[in-house]
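Here are some notes to go with your first look at this one. Open the structure alongside and follow the points in order.

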Amino acid sequence: MPKEALLVRTLVELADSLVDDFDVVELLSLLADRCVDVLGVAAAGVMLAAPEGDLRVVASSSEAMRVVELFELQSDEGPCLDCYRGREAVLNGDLAAADRRWPRFAPVALDAGFRTVYALPMRLRGAVIGAINLFGAGEDPLTAKDVTAGQALADVATIAILQQRVASESRVLIDQLNTALTSRVVIEQAKGVLAERGGLSMESAFEAMRHYARDGNLRLADVARGVVDRTLAAEAFSAPRPPRPS
Amino acid sequence: MAGARLLRILARLETGAAGLGPARLCEVCAEVMAMTGAGIMLMSGEVARGSICSSNKVSALIEDLQYTLGEGPCVDAYRQDEPVLEPDLADRGGRRWAAFTPRAVEAGAQAVFGFPLRVGAARIGALNLYRDHPGSLDNDQHADALVLAGVAARAVLGMQADAPPGMLGAELEAGSDFRFVVQQASGMVSAQLDVSVGEALIRLRAYAFAHDRPLAAVAHDVVARRLRLSDDPAPGQER
């Protein structure tokens, strides 16, 4: 199957797996396998950052690849780590010339039969959530078009992961959104009450509430609720500036 | 194939540096659907809570009308939890939405469609689509809209995902319009008339309706101290 067609089929299967609500690990295993077919590399792997920030090996196209990737993490050096930390692709990493760059990782990867390494970032809004490792064993190097195709795979996988994470935490996120909005609504209403009572601007009203909350070690949302409910008298709030005549 | 449709839509979202903010999300919705404009309303417990985004002024007006009047394609789509299609607003919209329709048509909307935004079993709002000429969605477009609504819902929640506890997500704070000015005006009116904020909001709505103005515009006037509701007689009373 020509490369472009295989790329499209891969991406469609990735998207299909989302529709059927597959596991992220299965999705990324599919991605790793298809990187090998589409890009013509010897092996591919995917690392994702855990919530604490450390990278984990999530998928590898072969056992040899998995061992090398695990070693990369253990020795704390290698193309995927460089890519993740530098937030930039690592391209055409020549393992034979990498004894300074990756003194522990390079020999292990060479022993496993690999010659060239690439790592493509999985980027989301400026943050990098993981990276795709591509290892060549002496075939032709990746062309610029290959790298673009690989990055496209990485980008769609990234969006897919985010969409799936959101779906699995949707109840929590919806609650958080509603709670945040409700608090803000009360704060904005309270600003209006104080602005009117004290002849203040909205900013000054907000500042007055913040000061009151801080001085009394209270939550701003509770202070706002008190202002709106009239359990806190507007007169209790000293204006940072003298009230303007209305 | 479901995957191909979803892929085509996912591929329009952006990762990278800028990422996908509210404005771009609405643009993508309008582009994917080949609509004149698109908007996303956030709703909760039968109430419109704000506008996530609108791709142009007419979409913004369509949302504003629904926010002010409490009727329209998005309101219905959210409440009924199913797509609401009006391919010829000028001809038939008046029977569904007596107040919304003439104002939307005057602004240039000839066809309007509302799709609920769902994640799993939960609904968070609705996607607004309009065209400046009448016409139905074909089967492909309808299927695209269903997928797009799901993707958009997740994208919106994704914007809340990294927010500090109790606060709105940064992208929503910066790019969406929750009409806080209406809340501020409610506070001011509640102090002016010595009524609850709930009552104050009702008075603001009544004023907006009586003067045929958007609620947010009336609120802006109150906050800017160009308008005091206590100066206005209650509806039905002579001055």
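The numbered points below take the two chains in turn.

1. A word of caution to begin with: this is a predicted model. Please read every value below in that light.

2. Start with chain A and its sheet. It's an open sheet of 5 strands, running in the order S2-S1-S5-S4-S3, and the pairing is antiparallel. Strand S2 (55-60) and strand S3 (90-94) of chain A sit at the edges with a single partner strand each, so one side of each has no neighbour in the sheet. On average, neighbouring strands here are turned by 25° against each other, direction ignored.

3. Zoom in on one edge of that sheet. S3(A) pairs with S4(A) over 3 bridges, in the antiparallel sense. If you want a spot to click on, try A:Gly93, which stands opposite A:Val117 in S4(A).

4. Which helices pack on the chain A sheet? One is helix H3 (residues 63-75) of chain A, which touches strand S1 (43-49), S2 and strand S5 (127-136) of that chain. The direction of H3 makes about 175° with that of S2(A). Another is H6(A), touching S3, S4 and S5 of chain A. The direction of H6(A) makes about 40° with that of S4(A).

5. Now for the place where the chains meet. Here 44 residues of chain A are in contact with 41 residues of chain B. On the chain A side, at least two residues each come from helix H1 (3-19), strand S4 (116-124), helix H6 (144-168) and helix H7 (170-198). Which of these gives the most? That's H7(A), with 22 residues. Sorted by class, the side of chain A that touches chain B has 23 nonpolar, 10 polar and 11 charged residues.

6. Over to chain B. The domain assignment splits chain B into domain 1 (2-171) and domain 2 (180-228). Between the C-alpha centres of these two domains of chain B there are 27 Å.

7. Chain B has a sheet to look at as well. Its 5 strands make an open sheet in the order S2-S1-S5-S4-S3, with antiparallel pairing. At the edges you'll find strand S2 (47-54) and strand S3 (84-86) of chain B, each pairing on one side only. From one strand to the next, the twist averages 20°. Within this chain, strand S4 (residues 111-119) and strand S5 (residues 122-131) run antiparallel and are joined by 9 bridges. One pair to look up is B:Arg118 and its bridge partner B:Arg123 in S5(B).

8. There's a helix pair in chain B worth a look too. Helix H2 (residues 22-33) and helix H7 (residues 139-160) of chain B pack at an angle of about 170°, with their axes 10 Å apart. Anything over 145 degrees counts as roughly antiparallel, and H2(B) and H7(B) are therefore roughly antiparallel to each other. H2(B) brings B:Leu25, B:Cys29, B:Val32 and B:Met33 to the contact, while the residues from H7(B) include B:Asp144, B:Leu148 and B:Ala155. By class, this contact of H2(B) with H7(B) has 8 nonpolar, 1 polar and 1 charged residues.

9. Last, a single residue: B:Leu10, in helix H1 (residues 2-10) of chain B. Is B:Leu10 buried or exposed? It counts as buried, because 21 C-beta neighbours lie inside 10 Å, and the cut-off for buried is 20 or more. B:Leu10 and B:Val151 are 141 residues apart in sequence, yet C-alpha to C-alpha they are 7.5 Å apart in space.

Note on methods
Residues numbered from 1 in each chain as written. Chains lettered and ligands numbered in written order. Predicted model: local features only at pLDDT ≥ 70, side-chain atom pairs only at ≥ 80, totals over all residues. Axes fitted to C-alpha atoms, helices over the stretch in contact; angles between N-to-C directions. Helix = DSSP H or I, 4+ residues; strand = E, 2+ residues; numbered from the N terminus. Parallel < 35°, antiparallel > 145°, perpendicular 65-115°, else oblique. Contact = placed C-beta atoms within 7 Å. Nonpolar A, V, L, I, M, F, W, Y, C, P; charged D, E, K, R; others polar. Domains from an automatic or database assignment. Pairing = 2+ DSSP bridges. Buried ≥ 20, exposed ≤ 12 C-beta atoms within 10 Å, placed from the backbone.
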